[in-house]
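Please give a short briefing on how this protein is put together, written for someone in the first year of study.

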Amino acid sequence: MSGGFATVLLLLACRQDAPGAQPEPTVAPASAADPWYASHRDEFLGLYTHLHTHPELSYQEVETAARVSAELKRAGAKVTTGVGKLGVVGVIENGPGPVVLVRTDMDALPVVEQTGLPYASKVKARDSQGREAGVMHACGHDVHMTCFIGTARWLGEHKDRWSGTVVMAAQPAEEAIGGLATCSPMVCTAASPSLTSPWRCTATRMSPPALSCTAEARSWPARPRSP
Ligand SMILES: [Zn+2]
């Protein structure tokens with residue numbers, strides 16, 4: 001919707017390619033980005049490192065869901081929690097326009113982190129079989145959540161630059177596949193009470209090979225797109 005969030009997303013994504021141990025996540029200097037990102041860089045970096053250091057396995061994302069919920073409320077979203085066990089759905093309404101769904105996943109993997117990073121995870125937990133396991137955001141869901149929250153924050157602070165409705169859905173248990181069931185019809189159900197205009201989910205589907213999901217929500221009747 002603007003270069004602002006795209007900048008945040010791209011810069012945070014860069015850290016995935018950083019070789020070896022780094023003192024902190026590698027991102028471009030704030031001066032290279034727009035003023036909004038520059039003023040929020042440290043905050044989002046702190047959020048990212050917190051999420052990376054505190055990973056939770058599938059269907060155990062209690063603290064993660066609570067943080068996502070709090071961040072969405074801070075962005076001005078109407079929030080529903082407990083969607084499909086631990087899912088979080090936030091709605092940001094901003095006048096006429098399309099309804100757009102933005103999704104993230106929240107769970108981490110049963111992997112022992114060996115990166116040596118100062119913010120590396122030392123978390124251990126019981127997996128679904130009852131075995132003790134190391135826990136790590138080895139699939140990038142920490143980045144996904146940071147970008148997701150960055151999107152919500154940017155939208156919430158720039159309502160003069162867009163029009164429509166955004167449904168923000170945070171899905172639990174993406175790695176366990178079972179979380180797919182919680183990110184489809186339940187998102188629509190959770191979002192509906194927060195929407196003041198008539199609307200409906202017209203298409204909700206899972207995309208093979210079933211490692212992720214997409215959902216499409218459309219206003220109904222169609223709202224005029226703002227210029
Ligand atoms: Zn994943």
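**Contacts and core of a predicted model**

Setting aside its neighbours within four places in sequence, Ala-152 is in contact with Glu-71, Leu-72, Ala-75, Ala-77, Gly-90, Ile-92 and Met-168, where contact means that the C-beta atoms of two residues, placed from the backbone, lie within 7 Å. This is a predicted model, in which local features need pLDDT of at least 70 and side-chain atom pairs count only at pLDDT 80 or more, while totals for chains, interfaces and linings use all residues. Residues are numbered from 1 along each chain as its sequence is written.

**Nonpolar core**
- The largest nonpolar core (buried Ala, Val, Leu, Ile, Met, Phe, Trp, Tyr and Cys residues joined through C-beta atoms within 7 Å) has 32 residues, and Ala-152 and Met-168 are among those with the most contacts inside it.
- Helix H4 (141–157) and strand S6 (164–171) are among the elements that each supply at least two residues of this core, and the largest share, eight residues, comes from H4.

**Strand S6**
- Seven of the eight residues of S6 are buried, so this strand is largely enclosed by the rest of the structure; buried means that 20 or more other C-beta atoms, placed from the backbone, lie within 10 Å of a residue's own.
- S2 and S6 run antiparallel and are joined by seven bridges, whereas S3 and S6 run parallel, also with seven bridges; strands pair if DSSP finds at least two bridges between them.

**Overall make-up**
- The protein has five helices and eight strands, which are DSSP runs (H or I, at least four residues, for helices; E, at least two, for strands) numbered from the N terminus.

Notes:
A residue is buried if 20 or more other C-beta atoms lie within 10 Å of its own, exposed if 12 or fewer, and partly exposed in between; C-beta atoms are placed from the backbone.
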